[in-house]
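Here is a friendly walk through one chain, from a surface residue to a helix pair and then the core. Have the model open as you read.

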Amino acid sequence: MSSDIFKRAGLFIAFALAQALVLGRIHLFGCATPLFYVYFVLLFPRNYPKWGVLLWSFALGLIVDMFYNTPGMAAASMTLIGAIQPYYFEMFISRDAAENLQPSMDNIGWVKYFYYSLVLVIIYCLVFFTLDVFTFYNWLEWIKCVVGSSAITLLMILTFETVRGRQE
C-alpha cells in the first residue's frame, strides 16, 4: 500500500509540474489548451477508495489553481470528475473483473477506453470553462475552448496511453 502512495505521489508531482511549466503555456489557435493533468484521475484503479480519489483530485486541481491564478476552477472540476470516475469506470468492466483493475487500453479495450476518456475529459472541460467564463455572453468562444481543449487533451491522453501500453 505504501508503494502505491509513493507511486501516486510521483505521478501527482509529474502531472502538476508538466502542466505548470510546459502545457499551461500552450494555447493553440487562442483557445485550445492541453489539460493533460485530467489523465491523473483516469488512472485510478477499480478498488481505490472513493475518498482517496476525491482527495487526490482536489489536491491536483488546487495546485493547478495556484499556478494559474484560477480560484477554485480546476479544483472544482477535478473534484467533480474524481467523484464520477469510480462509478463511471464500473460501466466499462464486467462484474467479475479483478478488484484492482487499472483503466487502460489493454485492460478494457481501445473503444471502451476512448469513450471512458472522452466523457470524463468533456465533463471536465465543460465545467472548467463554464466556471472560467461564468456567462454565456460570448458562447462561441466558450464552445471553441471546450471543444479545442477537449480534443487536444483527449489526443494527448490516447497517445500517452498507447505508448504506455506498448512499454508494458
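M91 counts as exposed because its relative accessibility is 63%, where exposed means over 50%, buried under 20% and partly exposed in between (1.4 Å probe, protein chains only). This residue is found in the loop between α4 and α5; helices here are DSSP runs (H or I, at least four residues), numbered from the N terminus. The C-alpha atoms of M91 and K112 are separated by 9.6 Å, with the two residues 21 apart along the chain.

A word on the basis: this is a predicted model, in which local features need pLDDT of at least 70, side-chain atom pairs count only at pLDDT 80 or more, and totals for chains, interfaces and linings use all residues. Residues are numbered from 1 along each chain as its sequence is written, and side-chain values use heavy atoms, leaving out hydrogens and water.

Next, the core. The largest nonpolar core (buried Ala, Val, Leu, Ile, Met, Phe, Trp, Tyr and Cys residues joined through side-chain atoms within 4.5 Å) has 46 residues, and Y37, Y113 and Y124 have the most contacts inside it. Helix α6 gives the most to this core, with eight residues. Among the helices that each supply at least two residues are these:

| Helix | Residues |
|---|---|
| α1 | 2-21 |
| α2 | 39-42 |
| α5 | 105-108 |
| α6 | 110-133 |
| α7 | 139-167 |

Beyond its neighbours within four places in sequence, Y113 is in contact (heavy atoms within 4.5 Å) with residues including Y39, L42, I108 and E161.

Conventions:
Helix = DSSP H or I, 4+ residues; strand = E, 2+ residues; numbered from the N terminus.
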